[in-house]
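Reader: Thanks for sitting down with me. Could you walk me through the reasoning behind the terms used for this model?

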Amino acid sequence: MRLEGKTAVITGSAHGIGRATAERFAREGAAVVVADINQELGQRVADRIRKDGGRAAFVETDISDHAQVDAMVEFACSQFGRIDILHNNAYTLGAGRVGELSTDDWQRTIDVCLTGYWYSTKVALGVMVPNGGGVIINTASVAALAADYTLAAYSAAKAGVINLTRVTAIDYARKGIRCNAICPGPIWTHSEKAFQEVPDEMSKALLHAVPMGRLGRPEEVANLALFLASDESSFVTGSHCLIDGGLFAQTGMPSLSGAGAEW
Ligand SMILES: NC(=O)c1ccc[n+]([C@@H]2O[C@H](COP(=O)([O-])OP(=O)(O)OC[C@H]3O[C@@H](n4cnc5c(N)ncnc54)[C@H](O)[C@@H]3O)[C@@H](O)[C@H]2O)c1
């Protein structure tokens, strides 16, 4: 098992990528703190991990609330005695064209997606550094690297996460801390049935945009997080890894020869 004896705190792990990562890490021997604003789903994830023989505990946390983040870290230490891995992964998203985005949507998105990541990192470092080291993984996005319509606050926050990752990596490189970011492209976090309910035009456009012709699965992102959390990535720090089915490898230009991904 690749995370035997480790404790991982994963924010936004009641659903989607965070949930898949919590389940994967637990199967690899980690004790997992499921931290999420959603009490019902978060508790369910922790219960299922324990039912499957793993170690997990849920703590209700809004990562934009500093007192709740302090409590999350205290909870992890009281339950499992240490923190080896912090996966900053929770998000919220206020959308709208730049001129129409509300101040509240802007602020809430920055508070959760950027300030929440920084503050969780700050508090976790207070435990990791005296313990001799640890790993921090930040879920960014392809939207950190290029623009998506109406996502100014989200894109700005995620771009900030990339440089927060780099600064954390170099500030603590000699303290046994590694910090890396993951940049997912479109990952489908709901059921197959729910995808069939997406309007045809939208699902076709989505699949067409990705050279691999499909959306990613949360479990695929969890596999990348596992690599970054484990000692297998012992010389990897300050990096951001794309996981996007080739989305970002394109310029976005139409094929001038008529050839495309569908051949
Ligand atoms: N799914 C994608 O296509 C995609 C693409 C790029 C990046 N990402 C990133 O991946 C991460 C996970 O996304 P997902 O698609 O799995 O999302 P999701 O909606 O499935 O899960 C997000 C979780 O975060 C929790 N959450 C929301 N606000 C919170 C807060 N303030 N404090 C604590 N928890 C909170 C939610 O309750 C939920 O359980 C996010 O950082 C997101 O930006 C996702």
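Reader: How far is a backbone N or O atom of glycine 185 from an oxygen atom of the ligand?
Author: The distance is 3.4 Å for that backbone atom of glycine 185. A polar contact is a pair of N or O atoms within 3.5 Å, so the glycine 185 pair at 3.4 Å counts as one. Taken alone, the ligand exposes 840 Å², and the protein buries 87% of that; these accessible areas come from the Shrake-Rupley method with a 1.4 Å probe.

Reader: Good to know. What should I keep in mind about the model itself?
Author: This is a predicted model, where local features need pLDDT of at least 70 and side-chain atom pairs count only at pLDDT 80 or more, while totals for chains, interfaces and linings use all residues. Residues are numbered from 1 along each chain as its sequence is written, and side-chain values use heavy atoms, with hydrogens and water left out.

Reader: Which atom of the ligand does the side chain of tyrosine 154 approach?
Author: An N or O atom in the side chain of tyrosine 154 is 2.5 Å from an oxygen atom of the ligand. For isoleucine 17, a backbone N or O atom lies 2.8 Å from a ligand oxygen.

Reader: Which residues come nearest to the ligand?
Author: His15, Ile17, Asp36, Asn89 and Tyr154 do, out of 27 residues around the ligand. A residue belongs there if one of its heavy atoms lies within 4 Å.

Reader: Which helix gives the most to that shell?
Author: Helix 4, with 3 residues. Helices are DSSP runs (H or I, at least four residues), numbered from the N terminus.

Reader: Why are helix 4 and helix 5 called roughly parallel?
Author: Their packing angle is about 15°, with axes 8 Å apart. Angles under 35 degrees count as roughly parallel, so helix 4 and helix 5 earn that description.

Terms used:
A polar contact is a pair of N or O atoms within 3.5 Å; within protein, one must be able to donate a hydrogen and the other to accept it, and residues adjacent in sequence count only if both atoms are side-chain atoms. Helices (H or I, at least four residues) and strands (E, at least two) are DSSP runs, numbered from the N terminus. Axes are lines fitted to C-alpha atoms, for helices over the stretch in contact, and angles run from 0 to 180 degrees between N-to-C directions. Angles under 35 degrees count as roughly parallel, over 145 as roughly antiparallel, 65 to 115 as roughly perpendicular and the rest as oblique.
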